[in-house]
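Here's a short tour for anyone meeting this structure for the first time. Have a look at it, then read on.

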Amino acid sequence: MKRLWELMKKQWRGYAIAISALLTAIIIDMYNPYFVGQIVDRVIMNGEMPYLKTALLALAAITIGRAILGYTKEYGFDVTSSKVIVNLRKKLFDQIQKLSFSFFDENNTGELMSRIKEDTENIMSAICYGIMLFLEQCIYFIIATVILFLINWKLTLICLVTMPLIEYVVFKLERKIGKTYEKISDQRAVLNTTAQQNIAGVRLVKAFGREKHEIQKFLQQNEENYKINYEQARTMAKYNPPIEFLSNVVLVLVISFGGYFVIGGDMSLGTLVAFSNYIFMLIWPMRMMGWLTNVLAQCLASIKKIEKIFNEEPLIKNCENPKEPEDIRGHVVFRNVGFEFGGTPVLKDINIDAGPGSTVAIMGITGAGKSSLINLIARYYDCTAGNVYFDGIDVRDMELSLLRNNVSAVMQDTFLFSDTIEENIRFGVVGITEEEFLAASRDAQVEEFVSQMPDGYSTVIGERGIGLSGGQKQRISIARALIRKSKVLIMDDSTSALDMGTEYAIQKAMDRRKGITRFIIAHRVSAVKNADEILYFENGEIVERGTHDELLGIRGRYYDTYCEQYRDYVAALEKEVV
Ligand code: DGT
Ligand code: MG
């Protein structure tokens with residue numbers, strides 16, 4: 001709330017212009033009934049024809065003035081509030097960017113999208129139309145009440161008796177509508193998520209022939225949506241007639257009692273006409289209040305949801321007094337490292353010493369903790385026991401940006417943006433020369449297939465890299481990591497979709513890039529056999545470690561994996577020996 005207030009305060013000039021226009025518009029509007037009343041009394045009743053011209057001119061001037069001021073008011077509120085929302089959305093987006101990996105494990109994309117879009121729109125409605133109408137209606141109500149009392153206090157009191165009744169029905173309606181609105185908003189989120197997931201996973205749906213099932217699922221959500229909208233329409237239909245009726249009762253009261261006063265000579269006919277016009281300035285605010293409280297309630301609910309994100313502290317924080325290594329060489333050490341996910345141990349007592357320029361390979365069955373291990377190097381997560389050191393300094397004591405700039409990762413899930421191949425590789429890194437870009441692309445074997453594309457590196461690819469093969473996507477991800485020239489390179493299962501030849505070519509190119517410490521996770525022996533140390537993981541522990549030859553020598557799990565992958569070759573070798 002405070003944050004929103006601060007942003008609104010910054011735009012005070014815009015709001016001041018809009019509110020001034022609003023006030024002036026109301027003031028001149030107040031003369032409208034007066035002139036109508038005067039026309040009745042002086043022109044119609046007394047036949048003062050020359051006055052008609054003055055009155056009509058005044059009414060025309062009021063109409064034009066109201067139109068101009070109305071435009072200024074709406075434009076002012078709209079533009080100013082949009083500026084506030086743009087800044088709020090920017091702050092929210094910045095905050096989301098700051099949050100750690102673990103936050104995104106717990107919050108799904110759909111929810112975050114609705115915070116950025118729908119909730120900010122709710123706030124926009126409140127700070128734009130909400131404030132505008134609230135001010136307008138309050139002022140109309142106060143001024144009209146004063147004028148009405150001045151015209152005829154008895155008639156005003158009679159009319160005011162019905163107001164609580166109108167207000168009662170209005171609030172009852174809005175409470176019901178408010179509840180259905182909440183349901184509609186929740187239902188809309190479910191419908192969006194269903195549609196979004198179906199469209200994102202459309203290939204999977206088609207491949208498994210699940211279209212009918214998905215259509216059914218969507219229809220069900222759609223039906224729910226219809227039912228809630230129907231419920232809302234029914235509530236409106238039920239409550240609107242009584243509100244209309246009560247508004248008309250006020251008018252009937254004005255005409256009956258007012259007529260009585262006119263006949264009795266206590267009031268002129270023109271004053272009664274003016275009175276009935278002013279009374280509408282009283283009824284409208286009453287009717288609007290219900291809607292306004294709803295807009296306000298929605299806005300408050302949205303602020304609460306957004307505040308929750310703002311109050312979220314990034315779990316991975318920058319150290320207050322960061323230490324800087326004297327020389328960045330890429331020496332990574334794990335000492336007695338343990339890691340838990342929500343109380344479940346994932347890594348236990350890990351000790352690794354990866355010297356500058358060395359290659360550590362990690363193998364193991366799925367779920368053994370390989371990705372979890374490499375996630376600790378650049379602090380995507382913090383270890384829960386022991387220490388991870390980068391060039392002799394605990395990673396938690398290093399400046400986060402310095403650490404992350406020196407560690408490049410090719411993640412297990414390839415993600416490419418809907419952009420050109422070049423932009424996907426450069427990924428916003430500045431100061432990269434054309435030669436460096438081409439060298440990275442060549443080393444990652446991207447050049448090989450891009451050179452055959454008509455638009456080359458300018459080819460635009462889809463969000464999920466549509467139009468590219470799995471291996472091509474992996475190669476782009478590798479180039480993206482290589483271009484950063486970091487001292488540590490992590491490759492999480494990133495050559496799994498490549499043929500042996502391409503994998504070998506990439507390995508050779510990597511070997512030529514001296515002084516880079518490499519962590520390679522792979523399932524294929526061919527990808528790890530040249531590493532300085534191979535670690536075999538099982539249940540979060542290193543169960544075997546050594547070079548390729550050493551591990552073959554102990555005939556353990558690595559040897560079994562080797563035999564499985566090179567069965568025919570091993571059999572042939574053994575035959576030869578016999
Ligand atoms: P892979 O990629 O299938 O070959 O498997 P690894 O070895 O990379 O496995 P990893 O490190 O992703 O997962 C190790 C364990 O940690 C596994 O039992 C699942 C668990 N785990 C991974 N990510 C999360 C998470 O975000 N939340 C929780 N609660 N557990 C997780
Ligand atoms: Mg993994």
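## Around the ligand

By class, the shell around ligand 1 has 3 nonpolar, 7 polar and 2 charged residues (Ala, Val, Leu, Ile, Met, Phe, Trp, Tyr, Cys and Pro count as nonpolar, Asp, Glu, Lys and Arg as charged, and the others, Gly among them, as polar). This is a predicted model, where local features need pLDDT of at least 70, side-chain atom pairs count only at pLDDT 80 or more, and totals for chains, interfaces and linings use all residues. Side-chain values use heavy atoms, with hydrogens and water left out, residues are numbered from 1 along each chain as its sequence is written, and chains are lettered from A and ligands numbered from 1 in the order in which they are written.

Who's in that shell? Among the residues with a heavy atom within 4 Å of the ligand are Asp-105, Phe-341, Gln-412 and His-523.

## Oxygen contacts

Lys-370 puts a side-chain N or O atom 2.7 Å from an oxygen atom of ligand 1. Ser-371 also has a polar side-chain atom 2.7 Å from a ligand 1 oxygen, while for Gly-367 it's a polar backbone atom, at 2.8 Å.

## Two helices side by side

Now over to helix α6 (residues 109–151) and helix α7 (residues 153–200), which pack at an angle of about 175 degrees with axes 15 Å apart. That makes α6 and α7 roughly antiparallel (angles over 145 degrees count that way).

Key: Axes fitted to C-alpha atoms, helices over the stretch in contact; angles between N-to-C directions. Helix = DSSP H or I, 4+ residues; strand = E, 2+ residues; numbered from the N terminus. Parallel < 35°, antiparallel > 145°, perpendicular 65-115°, else oblique. Polar contact = N/O pair within 3.5 Å; in protein donor to acceptor, adjacent residues only side chain to side chain.
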